[in-house]
Amino acid sequence: MRESEGRRRGQASATGRDVSGSLARQSLLVAAVTLVVDCLGFLLTTASSYPPPWRWAVLAAIVVVDAALATPARMSGVVAVAQSAVAIAGSALLLGSGGPPRQLNDAGLLISAYRAGAWLDRVPAVVSLLFLAVGAVAGRILGEGSMGQGRIVLDATANALLPWLVGRYTTARRAYIAELEQRAERERHSRQQALAEAIADERSSIARDLHDVISHHVSAIGVHAGVARLKATASPGTVDTRDLAGSLSAVETSSRAAMIDLRRLLDFLHGYAPDPTGEDRQPGLDNLAELLDTVGGAGLRVRVSVHGVPPRLPESLDIAAYRVVQEMLTNALRHGTGGTAEVELRYDDCALTVTTANPLPAGPRVRPDSPHRGLQGMRSRAALFHGSVTYGPTPDGTAWTTTATFPLAPPDPLDPS
């Protein structure tokens, strides 16, 4: 993860340097082309009667201000003022020498107006626009002597306002595209984060299911196998084959159930479609009888009591409630003293409450190999439905109780069922 992040940063830095270098080269190219156009236009339209000193001084000024178009964007305001000054001063200097040329730094004025509109903030951009408009109009007036109001407005619009507006539009469009790219990047990051969270949730769900399968079925297999071994080795001459066969049959049943659950999880991981007949669906509260038979065969008697009218539960909630009961009884089988466990299902208008109680052995309870994954799994399952789980020994320490509460949606008064 850190290597990929560092690689992305390095690529972004290299891309930034490439873009910066490309912009610098393009800026130099624009300045060079502008300089060539203005210089050629000045030389081709300059009268031969101009005094050489003035002529070369104005040409040098044009070269300087056009070359300044290659300076950083923050200098756009200064360049605009300089271009305007050259347009006015050049026309004034050449006024008494046969009339100023028809073109001084017209291309420089256009490009500097675009730069001012594209790169400067609002106030500096407007001030630069005013200077450029004055320079363009004043240069024409000095050259032609007088101009009508319509011509003044036309020149100011064509040589200053129009390229300035194009610059503003280009900047606004660039900002809009950048916002779209940032929004797309945020959405992509959000999708990746949501996908990572969904994968983590699925992994947690699969881990809980695997824990339920392994903890319950394998615990039952171990208990039944231990019983069978004791029966087979207690008195070789008095072995009751029916009891032994019953214990081995319970091992076979638990093994088959474990294989079915594991196959279901593997099919889910491989992306296989569920069985449309429903034979491969995960168990729910309707399968409690099978669960009680399994733990009963392992020596734990269970007494179930139901209070209230069981509604039709959503499949996901039905599976979660079954898994919680399964985990409760597995813990009772592994850590209790056998005897009789109590399971109570209480339905009311707003919640399903599952409560179990089982006897505890006397003395301290040592569980060095238990990381409490079962309890964490029950809490996670209940939390998916905004429920809660509480557990702990009774005050006298003779029993362990676990209570899981699942909120239920209120019934729809318009539902005829």
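**Exercise 1. Explain how Arg 188 and Glu 185 are placed along their helix, and describe the link between their side chains.**

Step 1. Arg 188 and Glu 185 lie 3 residues apart in helix H6, so about one helical turn separates them.

Step 2. The two side chains form a salt bridge, with the closest N and O atoms 2.4 Å apart. The model is a predicted one, and the distance is computed from it.

Step 3. Next, the accessibility of each partner. Arg 188 has a relative accessible area of 33% and is therefore partly exposed. Glu 185, at 40%, also counts as partly exposed.

**Exercise 2. State how many salt bridges the structure holds, and describe two others by partner and distance.**

Step 1. The count for the structure is 4 salt bridges.

Step 2. One of them joins the side chains of Glu 179 and Arg 186, at 3.3 Å from N to O. Glu 179 is partly exposed, with a relative accessible area of 32%. Arg 186 is partly exposed too, its value being 44%.

Step 3. Another pairs Arg 346 with Glu 344, and here the closest N and O atoms are 3.5 Å apart. Arg 346 has a relative accessible area of 36%, which means partly exposed. For Glu 344 the value is 24%; because the cut-off for buried is under 20%, Glu 344 is partly exposed as well.

**Exercise 3. Decide whether Ala 156 is buried or exposed, and find what it touches.**

Step 1. Locate the residue: Ala 156 belongs to helix H6, which covers residues 149-234.

Step 2. Apply the cut-off. Buried means under 20% relative accessible area; Ala 156 has 18%, so it counts as buried.

Step 3. List the contacts. With residues up to four places away in sequence left out, Ala 156 touches Ala 133, Val 137 and Leu 161.

Step 4. Check one of these against the chain. Val 137 is 19 residues from Ala 156 along the sequence, and their C-alpha atoms are separated by 6.1 Å.

**Exercise 4. Describe the largest nonpolar core: its size, its best-connected residues and the elements that supply it.**

Step 1. The core has 30 residues. Those with the most contacts inside it are Leu 285, Leu 288, Val 325, Leu 329, Leu 352 and Phe 406.

Step 2. Helices and strands both contribute. At least two residues each come from helices H8 (288-297), H9 (315-335) and H10 (373-384), and from strands S2 (340-347), S3 (351-359) and S5 (399-407).

Step 3. H9 gives the largest share, 10 residues.

Step 4. Follow one member outward. Apart from neighbours within four places in sequence, Leu 288 is in contact with Tyr 322, Val 325 and Leu 345.

Step 5. Look for another core. A second, separate one has 15 residues, among them Ala 80, Ala 125, Leu 129 and Trp 164.

Step 6. As background, nonpolar side chains in soluble globular proteins tend to be buried together.

**Exercise 5. Work out how far helix H9 reaches and how covered it is, then place Asn 331 in it.**

Step 1. H9 has 21 residues and spans 30 Å from its first C-alpha to its last, close to the 30 Å expected at 1.5 Å a residue.

Step 2. Of those 21 residues, 17 are buried, and the helix is mostly covered.

Step 3. Asn 331 lies in H9. Its relative accessible area is 17%, so Asn 331 is buried.

Step 4. Beyond its neighbours within four places in sequence, Asn 331 makes contact with Gly 336, Leu 375 and Met 378.

**Exercise 6. Identify the residues of the nonpolar surface patch made by Val 81 and others, and say which helix gives the most to it.**

Step 1. Val 81, Val 123, Val 127 and Phe 131 make this patch, with an area of about 320 Å².

Step 2. Helix H5 (residues 122-144) gives the most, 3 residues.

Step 3. Val 81 sits in helix H3, residues 76-93. At 34% relative accessibility, Val 81 counts as partly exposed.

**Exercise 7. Summarise the whole protein in terms of elements, burial, contacts and surface.**

Step 1. The protein has 10 helices and 5 strands.

Step 2. Of its 417 residues, 33% count as buried.

Step 3. Among contacts with a separation of 6 or more, 73% are between residues 24 or more positions apart.

Step 4. About 24600 Å² is exposed, and carbon and sulfur atoms supply 61% of that area.

Terms used: Residues are numbered from 1 along each chain as its sequence is written. This is a predicted model: local features need pLDDT of at least 70, side-chain atom pairs count only at pLDDT 80 or more; totals for chains, interfaces and linings use all residues. Side-chain values use heavy atoms; hydrogens and water are left out. A nonpolar core is a set of buried Ala, Val, Leu, Ile, Met, Phe, Trp, Tyr and Cys residues joined through side-chain atoms within 4.5 Å. Buried means under 20% relative accessible area, exposed over 50%, partly exposed in between (1.4 Å probe, protein chains only). Helices (H or I, at least four residues) and strands (E, at least two) are DSSP runs, numbered from the N terminus. Contact means heavy atoms within 4.5 Å. Patches are made of residues with over 30% relative accessible area and no salt bridge: like charges are joined within 9 Å, nonpolar side chains (Val, Leu, Ile, Met, Phe, Trp, Tyr) within 5 Å. Accessible areas come from the Shrake-Rupley method with a 1.4 Å probe; for residues, only the protein chains shown count as cover. The expected span of a helix is 1.5 Å times one less than its number of residues.
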